[in-house]
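Me: I'm new to this one and would like a close look at a single part of it. Could you walk me through one helix and what surrounds it?

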Amino acid sequence: MTQPAVHGQFPQDAPLDADQAEGRTAAHDPARGPGPEAAPDQPALAATRRAVTWRKAAVIAAAGIPVGLLWWLLAPSGLNLLSGNPELRGGSNTEGWLPRDLVLAGLFLLAGCISGAVASGSKNAEPSGRDVLLAVGAGAVGALAGWGTGVLCGLWWAAPEVTSANASIAFSLRSLAVLAIWPAAAALTLFLNTVFATPKPGAKNAAAEQPSTQASE
């Protein structure tokens, strides 16, 4: 209980009980931060974060279209800009079939690493399981989109060739296992970012306690 004011003492100078003193200290102590009434709107933040995650997934999936176009421009049986060997320009040369798959594999590996880095989130918050599933699923969709885009480019722009002897003469992908490289690289990048880049809770608590210990000294 608050003690009555002594004669000649102003009301604001009257001694405070423990609860009032603690409340006044919390209100004037900047180190304690704002009170519960100033806390951010958690549902609004969660909804915003979900929207950003979906936008990232859409961008990752749509990136398969330019990746497929690059595959057609760089690989043998396409424009063959990477090797420049005119003998590999036609699909009838079997020596160009493996490099054609390897070019797409390299593009998928690069796209998967970039996708995982984009979906990794901030340094202070590790991605949730939902973020990981969306990133891996978007990588799988992007891989399919890249494959389809490259095949369509071959159908539209490549010189007509007789594919009755072997379907691989046309611009195509012989090993379908290459399609798993993009989502696998995205998952691996997310894992490595969570292990090495995200600070551990104990480290954050120790960093927060260190300034207060030095101030007390």
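Reply: Here's a walk along helix H5, with a stop at the neighbouring helix H4 and the core on the way.

First, a bit of background: what you're looking at is a predicted model. The protein chain has seven helices and zero strands, so reading from the N terminus you simply get α-α-α-α-α-α-α. Of its 217 residues, 28% are buried. The accessible surface of the protein chain comes to about 13700 Å², and carbon and sulfur atoms account for 66% of that. If you take the contacts between residues at least 6 apart in sequence, 73% of them join residues at least 24 apart.

Now to H5 itself, which covers residues 129–157. Let's start with its outward side. Leu69, Leu152, Leu155, Trp156 and Trp157 make up a nonpolar patch on the surface, and together they have about 580 Å² of accessible area. H5 gives this patch its largest share, four residues.

Take leucine 152, one of the patch members, which sits in helix H5. Is leucine 152 buried or exposed? Neither label quite fits: its relative accessibility is 38%, so leucine 152 counts as partly exposed. The cut-offs make that clear, because buried means under 20% and exposed means over 50%. Leucine 152 also has phenylalanine 171 for company: the two are 19 residues apart in sequence, and their C-alpha atoms are 8.8 Å apart in space.

Threonine 149 is another residue of helix H5, but here the picture changes. Its relative accessible area is 15%, so threonine 149 is buried. Which residues does threonine 149 touch, leaving aside its neighbours within four places in sequence? They are Gly64, Ile65, Gly68 and Leu69. Leu69 should ring a bell, since Leu69 is also part of the surface patch.

Let's step back along the chain to the loop between H4 and H5, where you'll find serine 120. With a relative accessible area of 2%, serine 120 is buried. Its C-alpha atom is 8.3 Å from that of valine 132, although the two residues are twelve apart along the chain.

One more step back brings us to helix H4, residues 97–118. H4 has 22 residues and reaches 32 Å from its first C-alpha to its last, close to the 32 Å expected at 1.5 Å a residue. Quite a few of its residues are buried, among them Trp97, Arg100, Asp101, Leu104, Phe108 and Ser115.

That leads us to the inside of the protein. In soluble globular proteins, nonpolar side chains tend to be buried together. Here, the largest nonpolar core has 22 residues, and Val67, Trp71, Leu104, Phe108, Leu173, Val178 and Trp182 touch the most other members. Helix H2 (42–62), helix H3 (64–74), H4 and H5 each supply at least two residues of this core, with H4 giving the largest share, six residues.

Phenylalanine 108 is a good place to see this up close. Setting aside its neighbours within four places in sequence, phenylalanine 108 is in contact with Val67, Ala143, Trp147, Val178, Leu179, Ile181 and Trp182. Three of those names, Val67, Val178 and Trp182, also appear in the list of residues that touch the most other core members.

So that's H5 for you: four of its residues go into the surface patch, while H5 also supplies at least two residues of the core.

Technical notes
Residues numbered from 1 in each chain as written. Predicted model: local features only at pLDDT ≥ 70, side-chain atom pairs only at ≥ 80, totals over all residues. Heavy atoms only, no water. Patch = residues over 30% accessible without salt bridge, like charges linked within 9 Å, V, L, I, M, F, W, Y side chains within 5 Å. Areas by Shrake-Rupley, 256 points an atom, 1.4 Å probe, with all protein chains shown as cover. Salt bridge = Lys/Arg side-chain N within 4 Å of Asp/Glu carboxyl O. Buried < 20%, exposed > 50% of the residue type's maximum accessible area, 1.4 Å probe, protein only. Expected span 1.5 Å × (residues − 1). Contact = heavy atoms within 4.5 Å. Core = buried A, V, L, I, M, F, W, Y, C linked by side-chain atoms within 4.5 Å.
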